[in-house]
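Me: Could you take me through the salt bridges of this chain in close detail, and then show me how they sit within the rest of the structure? I'd like the distances and the burial along the way.

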Amino acid sequence: MRLFKILRRLAAAFALLLLACTFALWVRPPDLLRVGANYSAKIVCSNVFLAARDPDEVLRTDVQAPGVGLLRLMRVSVDRERRVVRAGLLGFIGDGLAIERPGNGCTVLPDGKLDVARRVRLGSAAGDRTPAIVAAGSADGAADWPIGNAVATDAALDRLLADDALAGPGIRAIVVVHHGRIVAERYAAGFSAATPLLGWSMTKSVVAGLVGVLVKEGRLALDQSAGWPAVSGAGRERIRIADLLAMSSGLRFNEAYGAVSDITRMLYLEPDMAGFARAQPLAHPAGEFWSYSSGTANILSRIVQDAAGRLGAEYPAEKLFRPLGMTSATMETDEYGTLVGSSYMYATARDWARYGQFLLQEGVWRGQELLPRGYVGMMASPVAASQGQYGHGLVWLWGSDSAVPGQNPDLAFGIPPDTFWMEGHDGQSTAIIRSRQLVIVRLGLTPFRDGYSPQPLMKAILEATR
């Protein structure tokens with residue numbers, strides 16, 4: 001009897017301790033919990049309001065399935081009328097909050113200021129996303145891609161894409177473009193040619209295109225200062241736009257995922273992402289050291305918007321997406337209204353392919369020169385400090401990390417050396433193979449631990465299209 005009383009008291013004490021810990025986490029959640037909650041809210045929000053997916057399915061497959069223990073305990077609630085998503089550990093710890101702003105996708109609100117976020121001016125055309133191209137006489141998709149959405153694929157190539165080993169785990173979409181026409185495509189169950197998909201860091205290469213459009217318009221110059229004041233820049237005043245495009249700003253930035261680092265703090269705890277990145281100290285002289293940094297792309301996004309004037313965050317839609325017919329494309333913003341050019345562009349696989357084809361065509365679309373002559377060549381020219389793996393315009397020159405430093409892994413697969421890549425987190429890639437007139441888009445949810453590499457798929461496609 002006495003033992004029973006002791007055990008009961010211990011159980012009561014444990015319950016009180018657990019309740020106290022839970023209360024403490026609710027009142028002041030640690031940053032790691034806040035990162036997880038805001039990430040969960042953001043991913044669900046974008047996929048519900050941009051891609052029209054079921055929130056429970058998104059939580060299960062996109063947030064929880066990749067295997068991060070913390071995220072498995074996240075719960076979300078969606079208020080469709082107010083366009084708000086909340087998330088938290090067990091549903092109430094972490095204060096995860098995201099809002100959909102019509103025409104501009106979803107935004108994380110780390111400070112919880114819903115009313116302020118609704119009042120942010122995003123540009124004169126905010127909310128107006130009328131499809132840009134009514135092509136060759138038809139708005140119903142009857143016109144051939146890339147003007148419309150009619151495609152005639154090759155059965156042999158479609159069978160090749162059906163090989164799960166080549167497509168990789170978590171595949172959601174593959175589109176193959178040869179000589180300007182879609183010749184093969186594949187979509188996973190629940191996804192289609194009409195589903196906008198997240199490109200993650202492939203978005204950076206689109207930012208480089210936006211810089212090029214502004215250079216063409218005479219609003220920016222690659223050699224101009226990136227805007228730090230000469231007096232108090234602490235060396236940062238020497239950073240040029242060209243240095244940012246080459247990931248050679250010299251600014252300190254920790255790109256490691258999986259904990260509270262600069263990248264996760266910027267994306268999920270900072271309402272002003274560009275401001276956070278600009279505030280980082282200089283670790284190396286500008287232009288002399290290569291270091292991959294998502295903060296760099298968001299600094300460029302702010303520069304793009306400032307140069308765009310009245311259009312603001314609508315500049316990508318008006319000056320790039322509409323001319324290319326990328327009617328599904330949305331580049332989302334942070335709470336302050338700055339485009340998240342590091343990470344957050346959604347578009348269908350066919351629209352990602354349109355952008356890849358635009359780069360293949362040296363920035364010319366339907367006879368209109370949107371980028372300066374030679375600009376794409378500059379983008380794909382190697383940054384010496386990167387040991388040749390990265391280009392001067394936010395593109396990769398190799399398809400994946402090399403096991404041997406300084407050695408291009410693509411060469412072992414017969415991938416031509418004039419290939420360059422747009423690459424993103426969790427297995428997103430677009431290969432632009434200039435000498436073979438090929439653009440190959442592969443989108444999915446494929447964590448790095450799965451060990452997937454797109455090069456075998458590229459090799460098979462190259463052999464099949466000789």
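Reply: Happy to! Let's begin with Lys216, which is partly exposed because its relative accessible area is 39%, a value that falls between the 20% and 50% cut-offs. Please keep in mind that this is a predicted model. The side chain of Lys216 meets that of Glu369 in a salt bridge, with N and O 2.7 Å apart. This pair links distant parts of the chain: Lys216 belongs to helix α8 (residues 202-216) and Glu369 to strand β11 (residues 368-369), 153 residues apart. Glu369 is partly exposed too, with a relative accessible area of 27%.

Next along the sequence comes Glu217, which pairs with Lys319; their closest N and O atoms are 3.6 Å apart. Since Glu217 sits in the loop between α8 and α9 while Lys319 lies in helix α13 (residues 315-324), the salt bridge ties together parts that are 102 residues apart in sequence. Both ends count as partly exposed: Lys319 at 29% relative accessibility, and Glu217 at 32%.

The loop between α8 and α9 also holds a pair of its own. Arg240 forms a salt bridge with Asp223, the closest N and O atoms being 2.8 Å apart. Both residues lie in that loop, 17 residues apart. Arg240 is partly exposed at 31% relative accessibility, whereas Asp223 is exposed at 59%. Elsewhere, Arg53, Glu57, Asp62 and Arg172 are joined into one network by salt bridges that share partners. In total, the chain has 19 salt bridges. As background, side chains of opposite charge can pair when their charged atoms come close.

There is a covalent link to set beside these pairs. The chain has one disulfide, formed by Cys45 and Cys106 with their sulfur atoms 2.1 Å apart. The torsion about the S-S bond is about -75°, so this disulfide is left-handed. Cys45 lies in helix α2 (residues 31-49) and Cys106 in strand β4 (residues 106-108), so parts 61 residues apart in sequence are tied together. Unlike the partly exposed Lys216, both cysteines are buried.

Moving to covered parts of the chain, Ser248 is found in the loop between α9 (241-245) and α10 (262-269), and it counts as buried because its relative accessibility is 4%. Leaving out residues up to four places away in sequence, Ser248 touches Asp243, Ala286, Gly287, Glu288, Phe289, Trp290 and Val383. Its C-alpha atom is 8.2 Å from that of Tyr292, 44 residues away along the chain.

Two helices carry the burial theme further. In α12 (residues 294-308), 13 of the 15 residues are buried. Ser293 caps the N-terminal end of α12, with a side-chain oxygen 3.2 Å from the backbone nitrogen of Gly295; just after the helix, Gly309 takes a positive phi of about 70°. Helix α14 (residues 349-360) is largely enclosed by the rest of the structure, because twelve of its twelve residues are buried. Among them are Arg350, Asp351 and Arg354. Just after α14, Glu362 has a positive phi of about 60°.

Finally, the setting for all this: the chain comprises 16 helices and 14 strands, and 55% of its 466 residues are buried. Of the contacts with a separation of 6 or more, 65% are between residues 24 or more positions apart.

Key
Residues numbered from 1 in each chain as written. Predicted model: local features only at pLDDT ≥ 70, side-chain atom pairs only at ≥ 80, totals over all residues. Heavy atoms only, no water. Helix = DSSP H or I, 4+ residues; strand = E, 2+ residues; numbered from the N terminus. Buried < 20%, exposed > 50% of the residue type's maximum accessible area, 1.4 Å probe, protein only. Contact = heavy atoms within 4.5 Å. Polar contact = N/O pair within 3.5 Å; in protein donor to acceptor, adjacent residues only side chain to side chain. Disulfide = S-S within 2.5 Å. Salt bridge = Lys/Arg side-chain N within 4 Å of Asp/Glu carboxyl O.
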